[in-house]
Amino acid sequence: MIEHNISLKPYNTFGIDVKAKSFGRFDSIDGLKSLLANRDPETPLFILGGGSNVLLTRDLPFFVMKNEISGIEAVNETETSIVLKVGSGVEWHSFVRYTVEKGWGGIENMSLIPGSVGASPMQNIGAYGSEIKDSFVSLEALHIDSLELHTFNKEQCQFGYRESVFKRALKDQYVIVSVSYELLKHPKMNTTYGAIQSEIEVMGVEDITVDTVSQAVMNIRRSKLPDPKELGNAGSFFKNPVVSKSDFEKIATNYPDAPHYPQESGEEKLAAGWMIEKAGWKGKRIGNCGVHEKQALVLVNYGGSTGQEIFDLSTMIIEDIRSKFGVTLEREVNIL
Ligand code: FAD
Ligand code: EPU
């Protein structure tokens with residue numbers, strides 16, 4: 001069924017109240033094909049998962065297609081690993097907990113990231129020392145114009161930090177319908193991210209399992225990231241900027257305490273949250289939106305904010321950081 005003039009407020013974690021020109025749901029590849037075949041060809045499409053990485057700044061003159069493809073299926077299993085093919089509409093965190101409860105390792109550090117499995121490769125989601133590219137096997141995606149199903153391996157996805165080919169060369173051309181991940185049966189836990197070690201110590205657990213790591217990550221996230229059910233947000237609003245070694249050295253001369261992470265390329269990744277805090281924005285409120293008081297990388301809707309107000313706040317932050325640090329922040333959230 002295709003509905004018209006539908007409020008998208010329940011479908012985006014910023015809680016922005018704008019309308020979609022038309023709205024439909026699909027829970028299978030056939031359902032998706034039928035929606036695509038019967039659509040108004042003049043109306044552009046927008047594929048919606050959990051709406052946790054979008055900022056809606058206006059009524060959308062689009063056909064919004066909500067993905068509800070479910071199912072988790074084992075497609076290959078050995079002594080050491082199992083490959084699961086997951087419907088793209090499955091909630092990412094439920095999938096993580098499914099694997100953790102089986103004792104399988106690989107994605108536990110990404111516990112509690114909101115959104116759908118289908119969006120996980122879009123920006124190669126990551127947290128606490130892991131990215132999906134490390135467990136990713138392949139994905140299936142329907143080509144919107146030809147309605148053909150194509151398989152993409154890891155190399156073809158061109159994953160980078162919060163990047164993939166689907167945000168660049170193949171933007172708006174495919175609907176991801178399933179993603180296959182390989183989980184390890186005898187996993188080696190990744191607790192190198194400082195906060196995980198200290199949280200496990202606080203938890204007082206000695207036998208560290210994938211569930212211990214998952215619980216530690218959930219505890220850390222709950223302590224500083226706002227729950228979208230209580231305070232509208234889309235996680236980190238900006239990417240952490242990656243700069244050349246020489247640009248980093250200039251910044252470090254003025255700010256010797258700036259957190260930084262050396263990259264394989266020889267470049268340095270800076271912590272945008274630290275810069276935004278240093279520039280005095282943390283906890284600042286402008287009208288109905290603001291910068292989260294516990295995590296300066298997260299912009300929040302206190303209720304009733306428009307997407308445009310949040311976008312304008314992000315522009316002010318970008319300009320201020322550019323003037324203070326000489327670094328241009330890039331928005332991580334998809335702006336519509
Ligand atoms: P949506 O917001 O619905 O869509 C995002 C983009 O992907 C859109 O352009 C959409 O068109 C496209 N898309 C979605 N599904 C498909 C599909 N099946 N086929 C084709 N295109 C599709 N992200 C991280 O990486 N790490 C974090 O730690 C993290 N923490 C967060 C914490 C909070 C509190 C919140 C609110 C967000 C956080 N995020 C994080 C961002 C967000 O959770 C991820 O980007 C997530 O993958 C978005 O999934 P979604 O289903 O909500 O995507
Ligand atoms: N920091 C501050 N002040 C702040 C926020 C951060 O000084 O207000 C400092 C911290 O003290 C730390 C550094 O900045 O030294 C990094 O902070 P944190 O570990 O909280 O991570 P982040 O860089 O702010 C990134 C991801 C998150 C992910 C976490 C954990 C990006 C854009 N963000 O945040 O992803 O959950 O690391 O791995 O890479 C998301 O993408 O939506 C997201 C939440």
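A residue counts as exposed when its relative accessible area is over 50%, and as buried when that area is under 20%. By this rule Asp172 is exposed, because its relative accessible area is 62%. The structure is a predicted model. Asp172 lies in the loop between helix 3 (154-157) and strand 12. Its backbone is also notable for the sign of one angle. Phi of Asp172 is near 65°, a positive value in a residue other than glycine. Most residues other than glycine have a negative phi.

Asn124 also has a positive phi, near 50°, and is likewise a residue other than glycine. Its setting is the loop between helix 2 and strand 8. Asn124 is buried, because its relative accessible area is 0%, which falls under the 20% limit. Asp172, in contrast, is exposed at 62%.

Gln123 is found in the loop between helix 2 (92-102) and strand 8. Gln123 is buried, since its relative accessible area of 10% is under 20%. Its side chain makes a polar contact with the side chain of Asn53, at 3.4 Å. Neighbours within four places in sequence are set aside in what follows. Gln123 is then in contact with Asn53, Arg162, Glu163, Lys167 and Glu332. Two of these names recur at the ligands. Arg162 has a side-chain N or O atom 3.3 Å from an oxygen atom of ligand 1. Glu332 is among the closest residues to ligand 2.

Helix 2 precedes this loop. Within helix 2, the buried residues are Trp92, His93, Phe95, Val96, Arg97, Thr99 and Val100. Their cover includes strand 6 (72-77), strand 7 (81-87), strand 12 and helix 5. Gly103 follows helix 2 and has a positive phi, near 85°.

Strand pairing was examined next. Strand 1 (residues 3-7) pairs with strand 2 (residues 19-26) in the antiparallel sense, over 4 bridges. Ser7 has Lys19 of strand 2 as its bridge partner. Strand 2 also pairs with strand 5 (residues 60-67). This second pairing is parallel and runs over 6 bridges. Arg25 has Lys66 of strand 5 as its bridge partner. Strand 2 thus takes part in an antiparallel pairing with strand 1 and a parallel pairing with strand 5. In a regular strand the side chains alternate between the two faces of the sheet.

Ligand 1 is surrounded by 32 residues. Ile47, Ser52, Ser116, Gly126 and Arg221 come nearest. Two of these five are placed by atom distances to nitrogen atoms of the ligand. A backbone N or O atom of Gly126 lies 2.8 Å from a nitrogen atom of ligand 1. A polar side-chain atom of Arg221 lies 2.7 Å from a nitrogen atom of ligand 1. Taken alone, ligand 1 exposes 980 Å², and the protein buries 93% of that area. Strand 3 (45-48), strand 8 (126-127), strand 12 (174-184) and strand 13 (232-236) each supply at least two residues of the shell. By class, the shell holds 16 nonpolar, 14 polar and 2 charged residues.

Ligand 2 has 23 residues around it. The closest are Tyr128, Tyr161, Tyr193, Glu277 and Glu332. Polar atoms of the protein approach its oxygen atoms from both side chains and backbone. An N or O atom in the side chain of Tyr161 is 2.7 Å from an oxygen atom of ligand 2. For Lys224, a polar side-chain atom lies 3.0 Å from an oxygen atom of the ligand. For Ser236, a backbone N or O atom lies 2.8 Å from an oxygen atom of the ligand. Ligand 2 exposes 820 Å² when taken alone, and the protein buries 81% of that.

The shell around ligand 2 draws on several elements. Helix 5 (210-224), strand 13 and helix 7 (272-278) each supply at least two of its residues. Helix 7 gives the most, with 3 residues. The shell divides into 11 nonpolar, 5 polar and 7 charged residues. Strand 13 also supplies at least two residues of the shell around ligand 1. Helix 5, besides its part at ligand 2, is included in the cover of the buried residues of helix 2.

Terms used
Residues are numbered from 1 along each chain as its sequence is written. Chains are lettered from A and ligands numbered from 1 in the order in which they are written. This is a predicted model: local features need pLDDT of at least 70, side-chain atom pairs count only at pLDDT 80 or more; totals for chains, interfaces and linings use all residues. Side-chain values use heavy atoms; hydrogens and water are left out. Two strands pair if DSSP finds at least two bridges between them. A residue is near a molecule or strand if one of its heavy atoms lies within 4 Å of it. A polar contact is a pair of N or O atoms within 3.5 Å; within protein, one must be able to donate a hydrogen and the other to accept it, and residues adjacent in sequence count only if both atoms are side-chain atoms. Accessible areas come from the Shrake-Rupley method with a 1.4 Å probe; for residues, only the protein chains shown count as cover. Ala, Val, Leu, Ile, Met, Phe, Trp, Tyr, Cys and Pro count as nonpolar, Asp, Glu, Lys and Arg as charged, and the others, Gly among them, as polar. Buried means under 20% relative accessible area, exposed over 50%, partly exposed in between (1.4 Å probe, protein chains only). Contact means heavy atoms within 4.5 Å.
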